[in-house]
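Please open the structure in a viewer and keep the sequence at hand. The tour below proposes one selection after another and states what is found at each stop.

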Amino acid sequence: MTAIAKLFVGAAIVCALGLAAQFVDPLPGSKAAAVEKLSALAEERLGEDRAWAQTRLDGQTITMTGDAESEAELDRLKAEFGRGDGPAGPFTRVRYAVEILPPIADPHIWVAERYAGAVILSGNAPNEAALAAIEADMRDLFRDDEITSGVQVARGAAGGENWRAAAGLALRALTRLEDGAVTIENAVITISGTLRDAADAGAVLDLLASPPPGFRVIDDIRAPGRTPGPAGDAGAPPAATIPDPAEPQRRQACIADVRTLIAGNAVQFELGANDLAPASHGFLDELSDLLTTCGGIRLEIIGHTDSIGRASRNRRLSLLRADAVADYLGAKGIARDRLATRGAGENEPVASNQTADGRAANRRIQFAISDGP
């Protein structure tokens, strides 16, 4: 066969192979075959629990894409799939273009607190866009206050797109409070604190009457002439009674007894958690008995931590611990509207955080007592 004939035969074979590639299974050694082999290998190595990871072939580079739950998840992927060892043919590199998803918070809590001309944000927002929006709202609504934000992005928020509206409603309610806090815990918005003026009650109640779909409101707002209750219910003024001359003395004696009990006891928790230690149950049982006897006394329960760890985590932990104390007292029959909670985190130390003894002193529950609304 002449050279020209060989040339034509070779060209015909190449064309035939090209056409066949369109209609038959990938030919051995072709790029399509390599991609198929790569996909099979990825499925074998990654398994169903790595369904988030996808593979593609770019020349001699394997590219892994997807959204990993954590850095540890990505590290496990790398350990299983390897780097640049040619697992599916003559590939020189494995490239990872994987995004790390924010952590999941359960419960998902966001808090805005206002005290003494300062507003502090803590907890979690569902995404960067929501975080930027609520921080912009803060700057617009609280122009005369000092604003601090320690909010982190975490998944697990309730309400989907309505979460942003729920946070906006809570912040607008907070502008009417002289001091207090607003909290979104999963699908519950809690507004607690003291109104600047009793006339603000109507405006706040109008705000709370129509929460975003999927959310409900707990009203723990204090003002002269009203009782906290469900959103939209301003409470009824108490019926007139004949005052008891001895009542003021009894109430002062009650307050003194509560102060004595609090001064001699401390609330303890499991290490690094918001679970009450069993050793604290006896003290809290005594406190609930006293509060039952002294019906008009209200408590603000304030959680504090040392400075170890992130400030945002410390603030969240301190609030969860304060809430745990309130929940325990509530389970003993103390009305929840007599118990306000606040998480101060590491911001109000009573000792140096440079020593173990100082840090231990800073990890505490503080009780502030008030006599009536």
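**The whole chain**

Begin with the entire protein in cartoon view: it has ten helices and 13 strands, where helices (H or I, at least four residues) and strands (E, at least two) are DSSP runs numbered from the N terminus. This is a predicted model, in which local features need pLDDT of at least 70 and side-chain atom pairs count only at pLDDT 80 or more, while totals for chains, interfaces and linings use all residues. Residues are numbered from 1 along each chain as its sequence is written, and side-chain values use heavy atoms, with hydrogens and water left out.

Of the 373 residues in the protein, 40% are buried; buried means under 20% relative accessible area, exposed over 50% and partly exposed in between (1.4 Å probe, protein chains only).

**The largest nonpolar core**

Next, select Trp 110, Ile 134, Trp 163, Ile 184, Ile 189, Ile 191 and Leu 208. Among the 31 residues of the largest nonpolar core, these touch the most other members. Such a core is a set of buried Ala, Val, Leu, Ile, Met, Phe, Trp, Tyr and Cys residues joined through side-chain atoms within 4.5 Å. Elements that each supply at least two residues of this core include strand E4 (109-115), helix H4 (128-141), helix H5 (162-174) and strand E8 (177-185). H5 gives the most, with eight residues.

Apart from this core lies another, of 26 residues, among them Phe 283, Ala 322, Tyr 328 and Phe 367.

**Helix H8**

Phe 283 leads to the next selection, residues 281-293, which form helix H8. The end C-alpha atoms of H8 are 18 Å apart, in agreement with the 18 Å that its 13 residues should span at 1.5 Å a residue (the expected span is 1.5 Å times one less than the number of residues).

Which residues of H8 are buried? They are Phe 283, Leu 284, Leu 287, Ser 288 and Leu 291. These cover an arc of only 135 degrees around the axis, which puts them on the same side of H8; the arc is that of the directions from the helix axis to the C-beta atoms. On the other side of H8, Asp 289, Thr 292 and Thr 293 are exposed.

**The disulfide**

Finally, select Cys 254 and Cys 294, which a disulfide joins (S to S 2.1 Å); the term denotes a pair of cysteine sulfur atoms within 2.5 Å. Cys 254 lies in helix H7 (residues 247-263) and Cys 294 in the loop between H8 and strand E11 (297-304), so the pair ties together parts that are 40 residues apart in sequence. The link is left-handed, with -85 degrees about the S-S bond.
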